[in-house]
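Q: I would like to learn how to read a few features of a protein model, going slowly from single residues to larger groups. Could we take them one at a time?

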Amino acid sequence: MDRLALVVPCYNEEAVMKISSEALRGVLEDLIRKKKIAEDSFVLFVDDGSKDRTWELIEEEHRLHSNVKGLKLAGNVGHQFALTAGLITARDCSDVTVSIDADLQDDVAVIEEMIDKFHEGNDIVYGVRKDRSSDTFFKRFTAQSFYKLMAMMGVKTVYNHADFRLMSRRAVEQFSKYRETNLFLRGMMPLIGYQTDCVYYERKERVAGESKYPLKKMLALAFNGISSFSVKPISLITTLGIGIIVLSFLAAVYALWSYFTGRVTAGWTSLILSIWFLGGVQLVSIGLIGQYIGKIYIEVKQRPRYNIETFLDERESSENKEQ
């Protein structure tokens, strides 16, 4: 029987911790009862340097329930790193992992379908939203634009999939070999190359608390995804430069024509606008190239992506109960 680990990254989630723990433990109990997973399957909560009582509640759940583990990171490193820490930690004590956010917006009911598809031979099973009808127009428009832009840039992603997915142990093993610091998990998973499938679900509202992904973080994630997997923005700069050269040549031809036909007029405004335009293009181009160089600078340092402060496993739980 395969041992399942539910990996749950958490940041300031005290409002949902109890609810999330109860719901996920219920999923485990149901799957164990149906003999689809091993009895020692567990939930692993990963505290990403929370500033509220999230870790205290994880410790409490760990003391009360032997199938709840906790992983405390030494500081806030971000959702992608926290999830990576959970997956790598769970790899050594499980046969299959399912990553899911603590807010329970992803439908826990489809985890059973994921397990079924895993037993059919799939190493990665993506949780995919059926639609975005519950989103605001702005969020729906930006999300759809993001996926289309990623496709244009040549980055492989699964449409309407975030980080709700199942991974076999060997898939996590392969994922652990990707050592880059600039993580974009949605783009990395298709690179693993094993057999995959999808399950579809309706996304729910948060049961409590506030979203940890405001517009600013979403835009940062989108840019990180594009710049980590594609050099097409650099190619676009070259194309833009060629286009400006062509326009400049046409402007020169027009200027000569105007000179020889006696239609020369004062062009201070057009001249200044041209200078501003070209100056803006140059600054944007330099900034974009600088972003790529900055990523290289960060990668070559090879600093740890995260530091683990505490890991609560079942042995500690048993000792606490005996005491």
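Q: Is Phe164 buried or exposed?
A: Please keep in mind that this is a predicted model. A residue counts as buried when its relative accessible area is under 20%, and Phe164, with a relative accessible area of 0%, is therefore buried.

Q: Which kind of pair do the rings of Phe164 and Tyr201 form?
A: Two things are read here, the distance between ring centres and the angle between ring planes, and planes over 60 degrees apart count as edge-to-face. The centres of Phe164 and Tyr201 are 5.4 Å apart and their planes stand at 85 degrees, so this pair is edge-to-face. The count of aromatic pairs comes to one. Because Phe164 belongs to strand E6 and Tyr201 to strand E7, the pair ties together parts that are 37 residues apart in sequence. Tyr201 also counts as buried, at 3% relative accessibility.

Q: What does Asp107 touch, leaving out residues up to four places away in sequence?
A: Asp107 touches Phe164, Tyr201, Glu202 and Lys204 when those sequence neighbours are not counted. Asp107 has its place in the loop between E4 and H4, and at 16% relative accessibility it counts as buried. Its side chain also reaches the backbone nitrogen of Ala109, at 3.0 Å.

Q: Which residues of helix H4 are buried, and where do they lie around the axis?
A: In a helix one can ask which way the buried residues point, and in H4 (residues 111–119) the buried ones are Ile111, Met114, Ile115, Lys117 and Phe118. They cover an arc of only 160 degrees around the axis, which means that they are on the same side of H4. Among the elements that these buried residues pack against are strand E1, helix H1 and strand E5. After H4 comes Gly121, whose phi is positive, near 115 degrees.

Q: Why should nonpolar side chains be looked at as a group?
A: In soluble globular proteins, nonpolar side chains tend to be buried together, so it is useful to look at them as a group. Here the largest nonpolar core has 34 residues, and Leu4 and Phe45 touch the most other members. H1 gives the most to this core, with five residues. Apart from it lies another core, of 30 residues, among them Ala85, Ile124, Met167 and Met188.

Q: Where does the charged end of Lys69 sit?
A: A charge may sit over the face of a ring, and the charged end of Lys69 sits over the ring of Phe42, 4.1 Å from its centre. Arg170 lies over the face of Tyr194, at 3.9 Å from the ring centre.

Definitions and conventions. Residues are numbered from 1 along each chain as its sequence is written. This is a predicted model: local features need pLDDT of at least 70, side-chain atom pairs count only at pLDDT 80 or more; totals for chains, interfaces and linings use all residues. Side-chain values use heavy atoms; hydrogens and water are left out. Rings of Phe, Tyr and Trp (its six-membered ring) pair if their centres lie within 6.5 Å; planes under 30 degrees apart count as stacked, over 60 as edge-to-face and the rest as tilted. Helices (H or I, at least four residues) and strands (E, at least two) are DSSP runs, numbered from the N terminus. Buried means under 20% relative accessible area, exposed over 50%, partly exposed in between (1.4 Å probe, protein chains only). A charge sits over a ring if NZ of Lys or CZ of Arg is within 6 Å of the ring centre and within 35 degrees of the ring normal. The arc is that of the directions from the helix axis to the C-beta atoms. Contact means heavy atoms within 4.5 Å. A polar contact is a pair of N or O atoms within 3.5 Å; within protein, one must be able to donate a hydrogen and the other to accept it, and residues adjacent in sequence count only if both atoms are side-chain atoms. A nonpolar core is a set of buried Ala, Val, Leu, Ile, Met, Phe, Trp, Tyr and Cys residues joined through side-chain atoms within 4.5 Å.
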